[in-house]
Structure formats: structure tokens, C-alpha cells
Amino acid sequence: MYESSKDANSVTAAVDLRSDTVTRPTPAMRRAMAEAEVGDDVYGEDPTVNKLQQRAAAIFGREAALFVPSGSMGNLLAIKTWTRPGLEVICEQRAHVNQYELASMSAVAGCMPRPIATQDGILTWTMIESMLRPKGYHYSQTGLVTVENTHNMAGGTIYPLELAEEICDRAHELKLPLHLDGARIFNASVALGKSVKDLTRKFDSIMFCLSKGLGAPVGSMLVGSRDFIDKAHIYRKMLGGGMRQVGVLAAAGLIALEESPKTLHRDHENARHLAEGLSKIPGIALDPKNVVTNIVIFAVRGTGKTAAEISAELGKRKILAGATDKYSVRMVTHCDVDRAGIDRAIAALEEICKASHRTHA
Ligand code: TLP
């Protein structure tokens, strides 16, 4: 495997833009992990986990929170807790719960996704309302609405607050619960200049990840009412997610929660810089104005190569990126990539595209 650019601090190290999940724990996190006070969390006796859960609940202004091994498990626990088998879950078509959780909402929770395709990943109440099932014996009924903010595969797009709140208000009038996949809600918070508490106050449950932009090595949090968290806790154990002396991970999570939001703006600036650089390359299509957080997705059809071919070429130059479909490449900025790394990525793609134009000329 490649070294990360920060580790080696040399031009030959890889710039890993595949995801913000690839970050390594900071020295402060490693120290905290080594020194963490621990206990058996299945008995509720790990003081560091308890502290992390209390802090997360306080930051979101909720009664309780639960430390979970992954964002995927957090989403699944929420779906399982809010629904019963046979119900439908309304979500955006490219949402993580729909495309990247291995159909767990069906395989484990017994629910059907009811996906809505959008351009920018942002649902409106009008779209959701048209997907609600009429009451009766012919249709499975709607059990839950899920929203993803920021929206990963739409390029880190953000819900306007009024729009998200309208969805919550109208769904609540129909007694429908709302779950927020807020894997990157801190990115939305920094971009909008609003607290995560204000952005999420009308959702019934929230999942956010410590292990993405916030830079912790492992873990996500589920946040909500005491009653919701108590139920989700049972499902976490049922799915084998009861962890023992896991304070060693929670210790890194606490630092991620307290410290990392302060520096996320740099990732956003780097993403915008990357988008601006890429948009000037002939054959690459994207509008830098749409890049508002840390995710840059661009079309490569005009280069005459597929996204997989472009990613392979980038890999040879030690720039790591991922194809999201045949002609789209995703690059995600994070705390282990600096401005010099971003400039290397732009230069590498320029070189690849120039060579490709020569071949196709
Ligand atoms: N996203 C990963 C991949 O799985 C696609 C990534 O590299 O972006 N919700 C959202 C919006 C996510 O982007 C992800 C992970 C998750 C949930 C799941 O988190 P984990 O990977 O911790 O299960």
C-alpha cells in the first residue's frame, strides 16, 4: 500500500483522495487512546465511552447517544428501531442506505427502500409526498423517511435548513419518523455556519461519523431520545455490535468530536481549489460552484477514457481516487491531504488528459 502524504512528507508519497475515511489518527488521538480509562462497555462500565456518548448527546441537544462500530450499523439500527418488517423506507436514490449498505434494510430490517432520484441529492416534501403509499391492503406502508446531509454521491451537497425542517414538520403531521444520515453533518454545519444542534433539531434520530472528516480511526454515533437509544442499544447487541473495552476507540472519538470541526473549513477550501483546478482541464466537466463541502465529483467522458481508466492512471502517479460510475470520478479532501497534495492531483490529471488528447488527436 501507499504511504499517506502526511506520513512521509515527500513528493513520492501518495495523495489519497479516495475518501475521508482514510485518515490516520493524530498524535493527540494516539496518546489519548494509549491512556484511555476503560471498562466493559457491554456492562455500561467504560467511562470513556460513557463520556463520549454524553458529549455527543449534549452537542446535539438530545437525551442520549450510542457509540457504534460504523455508520452503516448506525443507519441500520435506526431503520430497525423505527420500522417493522414489511414497511417502506423513503430515501434518495443514491443515498448510502440505498446503495452502499448491502441491502441491509431489507436483509436485516425486512423493509423495502422507496428511492427517489434527484439531481443534487436533495429531497423536497413534494417529492416525498408523492411517494407515500395510500392506506390500504394493496401496498406496503411507509415506515420511515431518511435524509442524507451532506449527500455523498451528489458531491457533498447540503440541505437548506428550511427545506429539511419542512420535510420533518410535514412528515410528523403524518406521524412518520425521520432519520438523518448525517455521516458528514459537521461538514454541513461548518459550510452553513450553523450548529449541528440547530441543523438536526427536528429529526427523530441522527447518525454521524467520527471516522470521516473528523478523523477518528473508527466509530459513529447514533443520537436521539432516551427511549430510541435504549431500543437501538438492544439491536446493536443483537447484531454483534456490543464492544468491550472500547474506550480505547472512544478516546480518539472524543478528540475528533471536540477538535476536528474547527479545521474542516480547510478541507472545504481545498475541495474548492481542487474543483477550480480540475474544471480548467479540457475533457473534465464540473462546476466548482457546486462544491460546497469536501467532496468533488467530476465527469471524465470528454477525456475519451472511463473513470476506472482515469483512476488507474492517477494511481500510477500516486494520486488515489475512486470511480463512482462509468464516467465519474470522486475525490474527497480531508485532514491528511494538504494544499500541495491537491496541486499534485490537479497536475497529474492535467498530464493524463494531455496525453489522452494526443492519443485521440
Ligand atoms: N461512505 C463511504 C463509502 O461507503 C461510500 C465513503 O467513502 O464515502 N453514510 C454516508 C453518507 C456515508 O458516506 C458512509 C460511508 C456511511 C453512511 C457508512 O459509514 P461506514 O463506512 O462507517 O459504515
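# Exercises: helix pairs, salt bridges and odd backbone spots

This structure holds 19 salt bridges. Keep in mind that the model is predicted. Grab the structure and let's work through it.

## Exercise 1: a salt bridge between buried residues

**Task.** Find the salt bridge of Asp-20 and Arg-184, and work out where each partner sits in the chain.

**Solution.**
- Step 1: look at the two side chains. Asp-20 and Arg-184 meet with an N to O distance of 2.8 Å. The cut-off for a salt bridge is 4 Å, so this pair passes.
- Step 2: place the partners. Asp-20 is in the loop between strand S1 (15-16) and helix H2 (27-35). Arg-184 is in the loop between strand S6 (178-181) and helix H9 (185-192). The two are 164 residues apart, and the pair links distant parts of the chain.
- Step 3: check the surroundings. Asp-20 is buried, and Arg-184 is buried too.

## Exercise 2: two further salt bridges

**Task.** Are the partners in the bridges Arg-114 with Glu-88 and Lys-202 with Asp-169 buried or partly exposed?

**Solution.**
- Step 1: start with Arg-114 and Glu-88. Their closest N and O atoms are 3.4 Å apart. Arg-114 belongs to strand S4 (residues 112-116) and Glu-88 to strand S3 (residues 88-92), with their positions 26 residues apart in the chain. Both Arg-114 and Glu-88 are buried.
- Step 2: move on to Lys-202 and Asp-169. Here the closest N and O atoms are 3.0 Å apart. Lys-202 lies in the loop between helix H10 (196-200) and strand S7 (205-209), while Asp-169 is in helix H8 (residues 161-173), so the bridge ties together parts that are 33 residues apart in sequence.
- Step 3: use the cut-offs. Under 20% relative accessible area is buried, over 50% is exposed, and anything in between is partly exposed. Lys-202 has 24% relative accessibility, so it counts as partly exposed. Asp-169 has 32%, so it is partly exposed as well.
- Step 4: look for a network. Glu-129, Glu-166, Arg-170 and Glu-173 are linked to one another by salt bridges.

## Exercise 3: how do H4 and H11 pack?

**Task.** Describe the packing of helix H4 (residues 71-82) and helix H11 (residues 226-238).

**Solution.**
- Step 1: pick what to report. Two packed helices are described by the angle between their axes and the distance between those axes.
- Step 2: read the values. H4 and H11 pack at about 115 degrees, with their axes 9 Å apart.
- Step 3: classify the angle. The range for roughly perpendicular is 65 to 115 degrees, so H4 and H11 are roughly perpendicular to each other. Their crossing is right-handed.
- Step 4: list the residues that touch. H4 brings Met-73, Leu-77, Ala-78, Lys-80, Thr-81 and Trp-82, and H11 brings Phe-228, Lys-231, Ala-232, Tyr-235 and Arg-236. Sorted by type, the contact of H4 with H11 has seven nonpolar, one polar and three charged residues.

## Exercise 4: and H3 with H12?

**Task.** Do the job again for helix H3 (residues 47-60) and helix H12 (residues 247-259).

**Solution.**
- Step 1: read the values. The angle is about 30 degrees, and the axes are 8 Å apart.
- Step 2: classify. Angles under 35 degrees count as roughly parallel, so H3 is roughly parallel to H12. The crossing of H3 and H12 is left-handed.
- Step 3: find the contact. On the H3 side, residues including Val-49, Leu-52 and Ile-59 take part, and on the H12 side, Ala-250, Leu-254 and Leu-257 are among those involved. The contact of H3 with H12 divides into eight nonpolar, three polar and three charged residues.

## Exercise 5: unusual backbone spots

**Task.** Which residues does the cis peptide bond join, and what is phi at Lys-175 and at Lys-318?

**Solution.**
- Step 1: find the cis bond. It joins Asn-149 and Thr-150, with omega at about 0 degrees. Thr-150 sits in the loop between strand S5 (142-148) and H8.
- Step 2: check Lys-175. Its phi is near 65 degrees, a positive value in a residue other than glycine. Lys-175 is in the loop between H8 and S6, and at 73% relative accessibility it counts as exposed.
- Step 3: check Lys-318. Its phi is positive, about 60 degrees, although Lys-318 is not a glycine. Lys-318 is in the loop between helix H14 (307-316) and strand S10 (319-320), and with a relative accessible area of 31% it is partly exposed.

Definitions and conventions. Residues are numbered from 1 along each chain as its sequence is written. This is a predicted model: local features need pLDDT of at least 70, side-chain atom pairs count only at pLDDT 80 or more; totals for chains, interfaces and linings use all residues. Side-chain values use heavy atoms; hydrogens and water are left out. Axes are lines fitted to C-alpha atoms, for helices over the stretch in contact, and angles run from 0 to 180 degrees between N-to-C directions. Helices (H or I, at least four residues) and strands (E, at least two) are DSSP runs, numbered from the N terminus. Angles under 35 degrees count as roughly parallel, over 145 as roughly antiparallel, 65 to 115 as roughly perpendicular and the rest as oblique. A crossing is left-handed if the near helix is turned anticlockwise from the far one by less than a right angle, and right-handed if clockwise. Contact means heavy atoms within 4.5 Å. Ala, Val, Leu, Ile, Met, Phe, Trp, Tyr, Cys and Pro count as nonpolar, Asp, Glu, Lys and Arg as charged, and the others, Gly among them, as polar. A salt bridge is a side-chain nitrogen of Lys or Arg within 4 Å of a carboxyl oxygen of Asp or Glu. Buried means under 20% relative accessible area, exposed over 50%, partly exposed in between (1.4 Å probe, protein chains only).
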